[in-house]
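Work through the exercises below with the sequence and the 3D view at hand. Try each task before reading its solution.

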Amino acid sequence: MPVTICSDSELDVGELKRVVIDGLPVAVVRDDDGGLHAIGDTCSHEEISLSEGFVEGHTVECWAHGAVFDLDSGDALSLPATEPVPVFAVWVADGQIVVDTGASPGDAGPDARNTPDTTPDDSNDQPEKAPAMTEPDAELIEKVEEALKDVIDPELGVDIVNLGLVYGYTWDAANQRLFIKATLTSAECGHQGIIGSQIAKAIEGIVPSHVVEWVWMPAWSPARVTEDGRDMMLALGFNV
């Protein structure tokens, strides 16, 4: 099912954006020619996030051990990786980047590279519209936040709600999908995969579908920790 990720203007040339779609980590990438790609975000050599890597041409290099992957096919182009990563359909609709993890790149909607489409079209079909995002129901968010208190930051030992790592929620009513905007204590900590998997497990059965959007601005600071979170950190020996 197609999922709207972000505005097309939010992803610059050479940038990567990590999202988790129903528990599946995905890296959305704009290559050096401006083309869009969506690939599995986990390096096939080790469980390292490729969205923290480097874009060169139509390839992405894993920052940890230097494995290089083709953004078009997902093929591993250099050791130590020998297995490909999955690739998914991605396109721009109504100014929004859309990813469908159930479809291959050849099945994408409007042209993903934003080049003019010269194919004659006699149909009256309208361009796909981005879903209308609304504020989620308060009762739903109460249930989600209670469940997310079981998601523990591996470094600090405190849940992501009381650490203030959850920035907000939006609701795609048409697709019954919750978007969770979250961050980490630092962009370098590399625990998106672990925490993303915990989130998927925690809210399973509460929402039909979800997307975790990792953001780095505004940067997290200890000022976001709740009073309960401070008590937990004090009990663990942290000076807060």
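**Exercise 1. Find the bridge partner of Val55 in S6.**

Solution. The partner of Val55 in S6 is Val60. Strands here are DSSP runs of E, at least two residues long, and helices are runs of H or I, at least four long, numbered from the N terminus. Next, step back to the strands: S5 and S6 (residues 59–61) run antiparallel and are joined by three bridges. That qualifies as pairing, because two strands pair if DSSP finds at least two bridges between them. Now add the third strand: the order S5-S6-S7 makes an open sheet with antiparallel pairing. Its edges are S5 (54–56) and S7 (68–70), each paired on one side only.

A note on the source: this is a predicted model, numbered from 1 along each chain as its sequence is written, in which local features need pLDDT of at least 70, side-chain atom pairs count only at pLDDT 80 or more, and totals for chains, interfaces and linings use all residues. Side-chain values use heavy atoms, without hydrogens and water.

**Exercise 2. State the strand order of the 10-stranded sheet, then place the helices on its strands.**

Solution. The order is S1-S9-S8-S4-S3-S2-S13-S12-S11-S10, in an open sheet with mixed pairing. S1 (3–7) and S10 (133–134) each have a single partner strand, so one side of each lacks a neighbour in the sheet. At the S10 edge, two bridges join S10 to S11 (residues 166–172), and the two strands run antiparallel. Thr134 faces Trp171 of S11. Helix H1 (residues 138–148) packs on this sheet and touches S11 and S12 (177–182), contact meaning heavy atoms within 4.5 Å. The direction of H1 makes about 135 degrees with that of S11. Angles run from 0 to 180 degrees between N-to-C directions, with axes fitted to C-alpha atoms, for helices over the stretch in contact. Helix H2 (residues 192–202) lies across S2 (16–21), S12 and S13 (209–214), at about 155 degrees to S13.

**Exercise 3. Decide whether Val19 and Arg18 are buried or exposed, and list what each touches.**

Solution. Start with Val19, found in S2. Its relative accessibility is 1%, so Val19 is buried. (Buried is under 20% relative accessible area, exposed over 50%, partly exposed in between, with a 1.4 Å probe and protein chains only.) Beyond four places in sequence, Val19 touches residues including Ile5, Leu24 and Val211. Gly196 lies 177 residues from Val19 in sequence, yet their C-alpha atoms are 9.0 Å apart.

Then take Arg18, also in S2. Arg18 is buried too, at 6%. Its contacts beyond four places include Ser49, Gln192 and Trp214. The side chains of Arg18 and Asp41 make a polar contact of 2.3 Å. (That is a pair of N or O atoms within 3.5 Å; within protein, one must be able to donate a hydrogen and the other to accept it, and residues adjacent in sequence count only if both are side-chain atoms.)

**Exercise 4. How many disulfides are there?**

Solution. Zero, counting cysteine sulfur pairs within 2.5 Å. The sulfur of Cys62 is 4.1 Å from that of Cys43, its closest cysteine sulfur, which is too far for a bond. Both cysteines are buried: Cys43 at 4% and Cys62 at 1%.

**Exercise 5. Where is confidence lowest and highest among the elements?**

Solution. S10 is lowest, at a mean pLDDT of 75, and S4 (residues 36–40) is highest, at 96. (pLDDT is the predictor's confidence in each residue, from 0 to 100.) The protein averages 86, with 89% of residues scoring at least 70. Residues 111–128 have pLDDT below 50.
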